[in-house]
Amino acid sequence: MSPRHRNTSLGFAATAKQPGAKPRRDADARRTQDPAACELLEEAQARGITTAFDRFIAQQPQCGFGLDGVCCRVCLQGPCRINPRKAGMEKGICGAQDYTVVARNLARAIAGGTACHSDHGRHIAKVLLHVAEGEIGEENYRVSDPEKLRRIATRIGLETEGVAVADLARRVALAALADYGRHTDETCTWLTTTITPGRQTKFKHCAIAPTAIDRSITDIITQTAMGMDADPVNIIFGGLKTALSDYTGMHLSTDLSDVLFGTPTPVLSQANLGVIDPAYVNIATHGHNPTLSSLVVDAAQELAGEARQAGAKGVNVVGICCTGNELLMRDGVYLASNVAGQELAIMTGALDAMIVDIQCIMPSVRAVAECYHTAVIATNPLVKIPGAHHVDFREETALATAKEMVRLAIRSYGKRDPAKLRVSEHKQDVVAGWSLEALFELLGRIDADHPARVLTDAILEGEIRGVALFAGCNNLKVNHDQSHLAILKGLLANDVFVVATGCSAGAAAKAGLMAPGSYEEYGGEGLKKFLARLSQAGATRHGLPAVFHLGSCVDNTRAADLWTAMARELDVDVPKVPFVASAPEAMHEKAVSIGSWVVAMGIPTHVGIMPQIEGSELVYGVGTQIAHDVYGGYFILDPNPTTAVERLLDALEYRVWKLRVHRKAADRFGAALTAGY
Ligand code: BF8
Ligand code: SF4
């Protein structure tokens with residue numbers, strides 16, 4: 001029997017119903033851990049502006065069938081709501097049972113996430129191809145990291161000797177694009193060349209190794225149509241195949257972004273809404289794709305003089321969501337907010353433009369902007385927001401278009417209403433830019449030839465207890481950032497080495513967990529000793545953080561590269577590596593697809609928001625138990641941060657114990673460590 005967790009029991013909706021509970025003002029403060037967001041929620045209330053925080057409350061109670069994943073709208077006879085406990089409602093009109101409907105809904109969410117990430121990756125690959133073919137001028141994009149290009153080319157089996165950069169870029173881009181549309185039976189290149197041999201075999205045996213990204217999305221939508229697959233286990237395998245396509249698109253997206261925009265190195269910056277400085281023309285770039293936002297940064301620098309003529313000190317570009325993470329990692333651009341605070345950035349009254357590209361952009365930003373002077377500018381043909389400006393952003397004219405948008409922001413600056421300024425003082429120092437290359441350089445101070453061994457040795461010797469990846473979104477079902485911070489602090493205090501991406505990284509950054517030297521405040525004794533050793537082993541430009549910022553959501557593949565390197569170092573497959581993941585506030589379909597491939601890779605994965613699968617004991621059991629038997633990874637579904645910390649630590653401890661036992665046995669009997677999990 002699966003535990004029944006309703007997230008709303010943790011959220012505001014339930015609290016507000018308690019007798020005597022004060023209405024909105026105090027309640028809003030309870031909706032977030034972020035002091036800047038708290039102030040601006042008060043501002044919203046004072047001005048009568050509705051935010052996502054209010055709309056969440058207005059949506060209560062949410063439909064139980066939807067929460068359990070047993071509402072089927074796959075065909076026009078629906079919606080069919082399945083209720084095994086009510087006579088006549090045990091099946092949908094076509095006869096589909098709870099487990100079929102739940103598995104179908106889950107698989108379709110994975111398809112949605114995969115489509116988003118892989119569309120992003122395809123776009124980057126096409127830009128690289130057009131740069132290589134000379135169709136896009138140098139003033140717009142160029143190969144910024146030819147060394148990484150060569151490393152990728154070598155990894156995927158291309159000849160690099162004597163090949164010019166442009167030619168190599170063209171071949172790598174074409175190889176990436178081939179992963180989208182192959183019609184033969186070879187597995188996607190970006191999957192096979194980045195994982196352990198053990199995972200390759202496992203995925204082949206389970207028939208979940210994708211041959212083409214687009215194909216696997218089409219397949220799963222077909223497989224889950226009315227009158228198609230009714231077997232929940234087969235549907236889940238189809239979903240996992242799609243999720244591995246998600247991994248493929250994400251990995252090539254990270255790789256090729258590094259080639260085009262540079263591989264991140266440690267950089268000092270700041271995070272939270274206090275980075276919006278009223279003395280400047282402020283532009284927020286929001287979304288995910290660095291092809292747009294990186295050009296806005298260039299254009300802002302070029303047009304600083306025009307901003308000064310307009311009376312400002314210059315142009316201040318800040319980031320929201322993952323495009324913010326991309327810019328923070330590479331250029332040290334300030335990070336204003338993670339996803340839940342996007343409307344609040346406008347309410348500072350000092351945001352002159354919000355330039356959005358793709359994904360995680362709430363349509364409500366336009367409605368909030370109506371109360372202010374902020375110009376909301378959409379740029380992608382797939383993302384149009386009624387009432388917003390729409391600028392058709394094309395790569396061939398990227399810099400010119402970016403300048404056009406910056407000029408629009410400068411004009412908008414002149415329309416500010418001083419009476420509406422509500423500038424925040426809250427911001428924290430951040431040291432970001434921890435690509436795997438940067439992490440390995442840090443670890444390599446102790447062992448340059450085997451950087452991953454520095455981590456695995458520290459784990460086996462008991463100095464640290466393992467590694468955790470924090471990823472995923474904000475979800476208004478729970479208090480903004482609370483679960484991220486509680487679990488992060490719990491693991492840090494228990495000597496876990498923590499890396500983070502996406503909005504989880506945003507939560508850590510805003511709360512000071514990425515400030516230089518912050519490990520001394522948040523780390524347990526072992527973690528402090530470990531990071532102090534690293535810090536002292538070489539010249540450190542910036543003090544080390546408690547949580548290492550790995551980048552945007554597509555950069556979760558940097559974490560995958562880390563656990564793969566650790567597996568190779570330990571001479572085991574990934575399910576034996578003391579590595580866990582947590583998405584404390586998962587929200588987007590992309591989080592569902594990422595969580596699914598992380599589990600298939602062999603990683604215990606905590607999710608703090610109950611996924612919509614509780615309507616089927618079978619599907620719930622597959623995710624939390626059977627997955628462990630098949631893949632070594634499994635879901636820990638737990639909205640309670642305290643028990644989540646315990647369960648993540650248990651998962652690490654179990655793996656370390658097993659490694660030590662197996663190592664002893666291997667030494668004694670000369671056996672291989674790799675036998676079984
Ligand atoms: O891709 S963590 S809310 S911003 S989906 Fe979106 Fe979730 Fe944030 Fe980045 Ni990822
Ligand atoms: Fe109902 Fe079946 Fe149609 Fe789903 S596919 S809506 S369960 S009839």
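This text walks through a ligand site, a helix and a buried serine in a predicted model.

Start with ligand 1. The residues around ligand 1 include five from early in the list: His288, Cys321, Cys322, Val339 and Cys360. Also around it are Gly472, Cys473, Cys503, Cys553, Met587, His588 and Lys590. By class, this shell holds eight nonpolar, three polar and one charged residues. Domain 3 (273–420) and domain 4 (429–669) each supply at least three residues to the shell.

Two side chains deserve a look here. In His288, a side-chain N or O atom lies 2.6 Å from an oxygen atom of ligand 1. For Lys590, the distance from a side-chain N or O atom to an oxygen atom of the ligand is 3.1 Å.

Now find Ser552. It sits in the loop between β13 (547–551) and α25 (556–570). Is Ser552 buried or exposed? Its relative accessibility is 1%, and buried means under 20%, so Ser552 counts as buried. Its side chain makes a polar contact of 2.9 Å with the side chain of Glu326. Beyond its neighbours within four places in sequence, Ser552 touches Cys322, Asn325, Glu326, Thr501 and Gly502. Among these, Cys322 is also one of the residues around ligand 1.

Turn next to helix α12, residues 232–261. At the start of α12, a side-chain oxygen of Asp231 comes within 2.9 Å of the backbone nitrogen of Val233. How far apart should the ends be? At 1.5 Å a residue, 30 residues should span 44 Å. The end C-alpha atoms are 42 Å apart, which agrees. Of the 30 residues, 26 are buried, so α12 is largely enclosed by the rest of the structure. After the helix comes Gly262, with a positive phi near 105°.

Key
Residues numbered from 1 in each chain as written. Chains lettered and ligands numbered in written order. Predicted model: local features only at pLDDT ≥ 70, side-chain atom pairs only at ≥ 80, totals over all residues. Heavy atoms only, no water. Near = heavy atom within 4 Å. Polar contact = N/O pair within 3.5 Å; in protein donor to acceptor, adjacent residues only side chain to side chain. Nonpolar A, V, L, I, M, F, W, Y, C, P; charged D, E, K, R; others polar. Domains from an automatic or database assignment. Helix = DSSP H or I, 4+ residues; strand = E, 2+ residues; numbered from the N terminus. Expected span 1.5 Å × (residues − 1). Buried < 20%, exposed > 50% of the residue type's maximum accessible area, 1.4 Å probe, protein only. Contact = heavy atoms within 4.5 Å.
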